[in-house]
Each structure stands twice: as structure tokens, then as C-alpha cells.
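Reader: I would like a close look at one part of this model, the packing around a single helix and the core beside it. Please keep to contacts, angles and distances.

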Amino acid sequence: MDQTSIINQNLDYDRPIKLADGVFWVGFNDAKSGLQCNPYLIVDGSEAILIDGGSRPDFSTIMRKVLQAGVAPGQITHLVYQHYDPDLCGSIPNLEQIIDRPDLKLISKKENNPFIRHYSVRSKILCIDDLQHELVMQSGRTLRFFPTPYAHSAGSFITHDVTSGILFTSDLFGSVGTASKWNLFAEIDNRCGTCTASWPNPFEDCAETGKPCTWSGLQMFHSQIMPSNASLQYAMAVIKPIGASMFAPQHGSILYRQEDMQGALERILKMKNIGIDGILARVEPLTGK
Ligand SMILES: [Fe+2]
Ligand SMILES: [Fe+2]
């Protein structure tokens, strides 16, 4: 699918949205929250993989989307968890029950797995390091995994679907904003590309465009969720050479235009005062005041 046909398709958020052949967004428009969560489904023949499957309260809605995408629960062979937060892992017991496969595998990273176990997991939990950082599906379709340590968890990683080029970036490239103004595909005004104004509140519209500021939502999310400038810089250095066709984050909107992806990457690289670095910049050294 080219970019135009992706965004010109009927964007009914009550249905799964196709991002590429065999790739679906299976989330929903979370009107009550300022933090949109995005699970993704990869379908390859009779096999399916769910990425960052979602929270316990969201389980029934997400499973309905999986069914609407034409996938029976028993087709899901792997659940990929790019870190261990409850917004992506909370529904593991529900998924295991409905998938009901003794050979179901959970894929994460060894730093995450001691924590993921506490979601009452009964399936085998694999580490991407032991898989040589890739998973080859039955047809040969390959998912490649890239560690992005401390962005934001020690074992955080991202997933590249080589066939579509889509990069599932987990919390990286996530953003916050007003739920009623959320779009699955980021609508970034041409004027925003070169805008150097200080970023307004992401919950208020920009005076220039009359729309929420994507960069502001990106800034607020990363400065609060990511632990340090260094972890974010490292993650961007990992992402840049991958040459993704799309950034599909677990929060906020999908970046699908190369200029927007490049713009977001450059802005994240320039972010300062991320996490503990922001706190250290504001307090007296060592006194904690
Ligand atoms: Fe997270
Ligand atoms: Fe998250």
C-alpha cells in the first residue's frame, strides 16, 4: 500500500485498520484517555503475531478487532512484548486463555521476563537474544528485533517487519494529546516542519495552525517517560539506519510520511532535560532541593 491509499482508506476506528499487507492496527480510539494505546497484528497465512497486545480492561475490544481482521484466536502463535508495562501486558492471561495453544510463545527480552512472569503467564517466555534478534514466520516473513536499552525499560526493544518496512517503536515516538483530536495517522501541518517556536501545551491548539502540536505531544511524552537524554540518543542511533517505512508507536499516532519521521527523529535527538536529566537541571546538586 502506498501512503495515499493508506490514509484514504475508510478510517473507521471501530474496525481494524490495515497499515500494509498483513499488518493491522487493532486498537481503538480511547476517548476517555489522553494516552492512546496501539496494539498491532501481523498476519502471515494461517499464522498471526500480536505486538504489545494491550491492557486487561482493553482486552475484549482488542480481541474483537483481531476477529474482525479475520484472525481466529488459535491462529496467534506469538505474543511480542517490547517491555513489561501493564498497558501492553495486562491482558496476557486473557489472551492465553482464548488462544488456548500449548505452543504459544511470548517473546520479550531477558531483562523484562522476570517481571512479565508476574502477569500469571503460563506460556513459554523467550528472549530475543536467544533468537538472534529475529523471528521467521512460516512463509519466511521476518521480524527483526532491535534493543533500545533504557528507552524506557532496561530490556526495551523495537520490532521491524522487514516485508512492510514498518517499525513498531513501542514507547519511542509515543505522544500525548487531547483524545477527541487524536488521529491514527499523524496529520502534521506543512508549517510545522520548520517551526522553531517554543512548543505549546499539547492539550491546547497551536495559534498558527489551529491544531494540536504534534511536536509538543512528543516532547511531553518523552521527557516524562524516558529516563535520560543518553537513552533516547542511543535509541535514535539504533533507529536511524533501519530505514523504516513507517513508525508505529504504542502511544499516540503513526508517523507515515518520511519527512515527518525524519522531523520527529531530529527533534527527539535535540531534546534536552529528559527524565532524570530534567530533574538534575532543576535541583541543587546532591541536596535534592
Ligand atoms: Fe512503557
Ligand atoms: Fe507504553
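Author: What follows takes the helix α8 and its two partners, then the core, then some backbone details in loops.

The model is predicted. Helix α8 covers residues 258-270, and its axis comes within 9 Å of that of helix α7, residues 229-239, with a crossing of roughly 150°. Angles over 145 degrees count as roughly antiparallel, so α7 is roughly antiparallel to α8. The crossing of this pair is left-handed. On the α7 side the contact is made by Leu 232, Gln 233, Met 236 and Ile 239, and on the α8 side by Leu 265, Ile 268 and Leu 269. Sorted by class, the contact of α7 with α8 has six nonpolar residues, one polar residue and no charged ones.

Helix α8 also packs against α6, here at an angle of about 45° and with the axes 11 Å apart. The two helices α6 and α8 are therefore oblique to each other. The crossing of α6 and α8 is right-handed. From α6, the residues Trp 215, Leu 218 and His 222 meet Ala 264, Arg 267 and Ile 268 of α8. By class, this contact of α6 with α8 has four nonpolar residues, one polar and one charged. Ile 268 is named in the contact with α7 and again in the contact with α6.

Ile 239 of α7, one of the residues that meet α8, is also in contact with Leu 167. Leu 167 belongs to the largest nonpolar core, which has 67 residues. Within that core, the residues with the most contacts are Tyr 40, Leu 41, Leu 167, Met 246, Phe 247 and Ala 248. Beyond its neighbours within four places in sequence, Leu 167 is in contact with Ile 158, His 160, Ile 239, Ile 242, Ala 244, Met 246, Phe 247 and Ala 248.

Ile 166 lies in strand β11. Ile 166 counts as buried because it has 22 C-beta neighbours inside 10 Å, and the cut-off for burial is 20 or more. Although Ile 166 and Phe 247 are 81 residues apart along the chain, their C-alpha atoms are separated by 6.3 Å. Not counting residues up to four places away in sequence, Ile 166 touches Leu 19, Ala 20, Val 23, Asp 161, Ala 244, Ser 245, Met 246 and Ala 248.

The loops hold some further backbone details. Phe 173 is found in the loop between β11, residues 166-170, and α6, residues 214-225. Its phi is positive, about 70°, although Phe 173 is not a glycine. Phe 173 counts as buried, with 28 C-beta neighbours inside 10 Å.

Asn 273 lies in the loop between α8 and α9, the latter being residues 276-282. Asn 273 is a residue other than glycine with a positive phi, near 55°. With 15 other C-beta atoms within 10 Å, Asn 273 is partly exposed.

His 152 lies in the loop between β9 and β10, residues 157-161. The peptide bond from Ala 151 to His 152 is cis, with omega near 5°.

Gly 140 sits in the loop between β8, residues 134-136, and β9, residues 142-147. Gly 140 is exposed, having 9 other C-beta atoms within 10 Å. From C-alpha to C-alpha, Gly 140 and Asp 44 are 9.3 Å apart in space and 96 residues apart in sequence.

Key:
Residues numbered from 1 in each chain as written. Chains lettered and ligands numbered in written order. Predicted model: local features only at pLDDT ≥ 70, side-chain atom pairs only at ≥ 80, totals over all residues. Core = buried A, V, L, I, M, F, W, Y, C linked by C-beta atoms within 7 Å. Buried ≥ 20, exposed ≤ 12 C-beta atoms within 10 Å, placed from the backbone. Contact = placed C-beta atoms within 7 Å. Axes fitted to C-alpha atoms, helices over the stretch in contact; angles between N-to-C directions. Helix = DSSP H or I, 4+ residues; strand = E, 2+ residues; numbered from the N terminus. Parallel < 35°, antiparallel > 145°, perpendicular 65-115°, else oblique. Left-handed = near helix turned anticlockwise from the far one by under 90°. Nonpolar A, V, L, I, M, F, W, Y, C, P; charged D, E, K, R; others polar.
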